[in-house]
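This briefing walks through a protein model one topic at a time, beginning with a term that the later points rely on. Please keep the sequence and the structure in view while reading.

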Amino acid sequence: MQKTRLYAGMGGLPGQTELLSSKAVFTESYAVIPRTVMTDIVTSLLPHWNAARAWIIARPMTGFSETFAQYIMEIEPGGGSDRPEPDPLAQTALFVVDGEMTITFEGRPQSLRTGSFAYLPAGSAWSVANTGSRPVKFHWVRKRFKKVDGLELPPAIFTREDEHPVSLMPGTDAWGTTRFIDPADVRYDMHLNIVTFEPGGTIPFMETHVMEHGLYVLEGKAVYRLNRDWVEVEAGDFMWLRAFCPQACYAGGPGRFRYLLYKDVNRHVDLW
């Protein structure tokens, strides 16, 4: 089994002699936020969080993310929050990219470390603490839960990526998906997966669908097709894809190319 190496190099300050050219782009159908943008000067402090800061890389707004918000969180040793989520309708998905922390869910502590995933239902009582000796960094995806009459609420999940085999795309052994949530379980209205490409793996067609995506590159590099454009991306870059934005991928290597993938699923669309 390959050793997990997840990008966690955000922070620091840009040099004053660097070139202004960048692959950062914001269009009507997609956005690319490169890792060079995620410095100390674009962080936020959050109410009721201690010794912690956030890079907010997606948020609901007209013409951008419509369904979710995504943060990269960093908590110093001894930091955390007893009141992390201000919205009782918001569900949470967490994925740890570096370090260790403890989530206390409904009074029960759960230890998370690099590669850990947690799903916390909307309205649940939880807190987070870094009880280790070094900072912990993790992704926090927040989405308003779309409750369905007659359908029971989804339970919490605590697991790790190495507990889930990669489900290969039919017809190839070059790429596949690690799924933390059962795709057949319609109680959940969002997924947070890991997509892994071996060197040379491709999405050989222009994938176009209603799902909105957030793609954070965890490892490696590739050339990704976004609408009409081919964009070089690497570990630490974030891509947002609007619904129906065409996409494809060439993973050139030399190592694996992997990204954390958000998508909205399993619900009727709202009609205006």
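A residue is called buried when its relative accessible area is under 20%, and exposed when that area is over 50%. By this cut-off R256 is buried, and E219 is buried as well. The model described here is a predicted one, and the points below take up its salt bridges, its strands and its largest pocket in turn.

**Salt bridges**

- A search through the whole structure finds 17 salt bridges, and several of them are described in the following points.
- The two buried residues R256 and E219 meet through their side chains in a salt bridge, with a distance of 3.3 Å from N to O. Because R256 lies in the loop between β20 and β21 (257-264) while E219 belongs to strand β16 (residues 213-219), this pair ties together parts that are 37 residues apart in sequence.
- R144 and D87 also meet in a salt bridge between their side chains, at 2.4 Å from N to O. R144 is in strand β10 (residues 136-144) and D87 is in the loop between β4 (69-81) and β5 (90-98), so the pair ties together parts that are 57 residues apart in sequence.
- Which partner of this pair is exposed, with a relative accessible area of 51%? That partner is R144, whereas D87 is buried, with a relative accessible area of 17%.
- D189 forms a salt bridge with K143, and the closest N and O atoms of the two are 3.0 Å apart. This pair links distant parts of the chain, since D189 sits in the loop between β13 (175-179) and β14 (190-197) and K143 sits in strand β10, 46 residues apart. Both D189 and K143 are buried.
- A network of salt bridges links K23, R35, E234 and D237.

**An open sheet of four strands**

- As general background, the strands of a sheet pair through backbone hydrogen bonds, and they do so in either a parallel or an antiparallel way.
- One open sheet in this model has 4 strands in the order β15-β20-β17-β18, and its pairing is antiparallel. Because β15 (202-207) and β18 (229-234) stand at the edges with a single partner strand each, one side of each of them is left without a neighbour in the sheet.
- Neighbouring strands of this sheet are turned against each other by 25° on average, when direction is ignored.
- The edge strand β15 is joined to strand β20 (residues 247-250) by 3 bridges, and these two strands run antiparallel. Within this pairing, I203 stands opposite C249 in β20.

**Strand β19 and its partners**

- In a regular strand, the side chains alternate between the two faces of the sheet.
- In strand β19 (residues 238-241), F238 and W240 point one way while M239 and L241 point the other way, and all of them are buried.
- Strand β2 (residues 30-33) is joined to β19 by 4 bridges, and the two run antiparallel; here the bridge partner of Y30 is L241.
- β16 also pairs with β19 in the antiparallel sense, over 4 bridges, and in this case L215 has M239 as its bridge partner.

**The largest pocket**

- The largest pocket holds about 720 Å³ of space.
- Its lining is made up of 21 residues, of which E66, T67, D264, V269 and D270 lie nearest the centre of the pocket.
- Sorted by class, this lining has 8 nonpolar, 3 polar and 10 charged residues.

Key: Residues numbered from 1 in each chain as written. Predicted model: local features only at pLDDT ≥ 70, side-chain atom pairs only at ≥ 80, totals over all residues. Heavy atoms only, no water. 1 Å grid on protein atoms, 1.4 Å probe; cavity = no way out; pocket = protein on both sides within 12 Å on 5 of 7 lines; lining within 4 Å. Points joined across faces, edges and corners; volume = space filled by probe spheres on them. Nonpolar A, V, L, I, M, F, W, Y, C, P; charged D, E, K, R; others polar. Pairing = 2+ DSSP bridges. Axes fitted to C-alpha atoms, helices over the stretch in contact; angles between N-to-C directions. Salt bridge = Lys/Arg side-chain N within 4 Å of Asp/Glu carboxyl O. Buried < 20%, exposed > 50% of the residue type's maximum accessible area, 1.4 Å probe, protein only.
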